[in-house]
Amino acid sequence: MTALLEHLRTHKTPARWLAALRALVRTDSLWLIMLAAITGILAGLAVSLITFTTLLAHNLLAPGYKRLSGLEHVAPWRALLVPAMGGLLLGLWHFYLQRHNRHRPVDPIEANALHGGRMSLRDSLIVTGQTILSNGCGISLGLEAGFSQIGAAFGSRIGRNLRMHRADVRLLVGCGAAGAIGAAFDAPLAGAFYAFELIIGSYAFPLLAPVACASLCALAVVHLSGETLPAIAVPLPQSVPMLAYPLLAVLGGLCALIGVSLMKSAAYMEQVFATCIKPVWLRPMVGGLLVGGLAIISPTVLSSGHIAMREGLVSPPLLGAALGLLVLKAAASTLSIGSGFRGGLFFASLYLGVLGGAAFTSLVAPIMDLPLGLCTVAGMCALATAIIGGPLTMILLTLETTHSANLTAAVALTALVASFTVKRIFGYSFATWRFHLRGENIRSGVDVGWMRTLTVGRMMRTELDILPADTTVASARTTFAGRMPRYIVLHDNQNHYAGLLESNLIQSITIAPDQPLSALVDTNMEVLAADFSIGHAVAAFERTARPALAVTDRNNHVLGILSERYVLRRYAEELERTRRELAGEKHGR
């Protein structure tokens with residue numbers, strides 16, 4: 001604190017204050033923890049405000065009742081009208097943004113993976129507003145997308161305003177997401193490991209303090225605001241029979257299949273809406289009507305399903321009811337995503353897992369009488385792991401929500417089986433699956449953006465030794481008599497690239513002096529473009545087995561040369577830097 005006061009005393013202007021704070025953050029990790037705490041507080045305030053606003057909007061569907069999924073019945077005209085009108089407003093909002101050329105918002109995982117944690121606060125506010133509108137009108141999606149988006153955006157803005165190191169900005173993005181999820185689910189450990197597994201991409205001990213601090217600060221803010229639900233008392237067995245573990249492993253595998261089916265169905269439903277309803281602004285309205293029709297059958301499909309999940313844990317439904325509700329909720333969620341509503345499947349996956357666990361108990365009853373509470377808790381963890389990813393996050397979330405520490409082994413088994421099964425048969429979580437559909441190869445928040453920014457144009461050597469392709473070997477020897485370059489670039493009469501020649505061929509005594517240089521060039525003249533990433537360059541060298549390749553423009557004019565040795569060295573350097581950041585070595589001051 002003395003150092004900070006001294007800086008503020010000697011630096012009078014706000015710009016210099018920021019520079020002083022930036023210097024302190026870069027030299028002492030204590031100040032980074034303080035920034036993480038501020039990020040967590042902002043995330044907690046956002047969660048409280050979003051929750052309050054959404055619950056207030058729920059009165060449109062059920063006046064005087066804020067939690068929609070706990071309703072026993074809903075007026076049919078409200079069930080049809082409110083989601084449809086909400087969808088119409090959202091569709092017009094989308095249409096307005098498209099007309100004004102607004103680019104696609106970047107979510108926290110994509111920001112950390114590709115953009116060094118850079119997020120637009122304005123775009124994040126738009127995403128949050130659309131999430132509030134979607135959930136507020138009863139659509140079957142959760143608020144966690146808006147929570148994590150705005151929390152991470154606060155962290156990104158703080159880091160960028162202070163011009164912090166790329167790794168520090170990515171860490172603050174993770175802190176914002178950790179605070180948002182920890183506060184939303186009243187589970188600080190789950191929030192912290194959500195950041196590690198999904199947003200940051202790895203766990204490192206030096207990063208635990210800032211991330212956990214952000215999660216705890218956000219949770220404290222939400223508790224002070226009163227926007228939390230009371231603790232839930234789930235009837236659970238005191239111990240798990242040894243013979244139950246094989247059946248729990250089967251439950252984990254089945255939940256993985258359900259999760260994969262749900263993710264593929266959401267993508268398929270998007271294609272159906274895009275094919276059948278051409279106006280983009282009309283799709284959410286139709287989706288809202290369809291979800292409202294399902295809500296007439298069972299209001300539990302409305303909103304995120306948080307109250308329905310809690311009721312399912314306390315008094316699980318029987319086989320028929322569980323299967324029926326599972327199908328309805330899954331259909332409502334896929335319709336909501338496919339029609340263009342904003343939101344996530346985090347809350348929905350927990351409720352679907354409870355229903356899947358309840359149905360599984362009835363199905364295996366002839367084989368073994370499993371405790372109903374055990375299967376619902378294990379199913380909740382397994383299906384959430386399958387859809388969201390992050391098995392450790394879901395294990396901690398389940399244990400913190402149900403206070404079932406004695407079921408740790410059983411819950412962990414189902415989560416790990418579900419995670420392994422999804423990776424084997426599908427390979428994506430819900431977030432990374434949507435990236436894949438857009439053509440992005442992102443599997444987590446691990447920083448791979450350097451592979452795109454480190455281009456061939458930045459690495460190539462532009463000082464070239466160039467000769468016409470019809471130059472004879474004797475002339476080339478004379479030209480480079482006192483200095484023989486390693487590579488010689490050949491060009492034709494139109495100054496187009498004609499080949500890359502290694503100088504040792506010219507010096508060979510087996511080569512006739514009157515032979516043109518073009519005769520010595522390999523017929524496979526693969527070239528690189530300046531905008532190729534380092535990944536493209538490495539793949540090209542592996543494919544051609546050449547020690548160097550020429551870089552040309554669209555008109556086939558030579559721009560430079562790139563050698564495999566230099567590319568591999570830079571690649572190794574960047575991998576080492578990334579490894580050090582993932583291990584937290586940068587922050588271990």
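Ala, Val, Leu, Ile, Met, Phe, Trp, Tyr, Cys and Pro count as nonpolar, Asp, Glu, Lys and Arg as charged, and the others, Gly among them, as polar. The model is predicted, with local features needing pLDDT of at least 70 and side-chain atom pairs pLDDT 80 or more, while totals for chains, interfaces and linings use all residues. Residues are numbered from 1 along each chain as its sequence is written, and side-chain values use heavy atoms, without hydrogens and water.

**Exercise 1.** Describe the second largest pocket (an open set of points on a 1 Å grid over the protein atoms alone, where a 1.4 Å probe fits, with protein on both sides within 12 Å along at least five of seven lines).

*Solution.*
- Start with the space: about 530 Å³, as filled by probe spheres set on the points.
- Next, find the lining (residues with an atom within 4 Å of a point). The pocket has 36 lining residues, and Arg67, Ala184, Leu229, His306 and Phe347 lie nearest its centre.
- Now sort them by class: 17 are nonpolar, 13 polar and six charged.
- Finally, look at the helices (DSSP runs of H or I, at least four residues). Among those supplying at least two lining residues each are α3 (29-57) and α8 (166-185).

**Exercise 2.** Work out how the three strands are arranged (a strand is a DSSP run of E, at least two residues).

*Solution.*
- Read the order: β1-β2-β3, in an open sheet with mixed pairing.
- Locate the edges: β1 (466-468) and β3 (497-502) each pair on one side only.
- Check one pair: β1 runs parallel to β2 (residues 487-491) over three bridges, where pairing takes at least two DSSP bridges. Ile466 stands opposite Val489 in β2.
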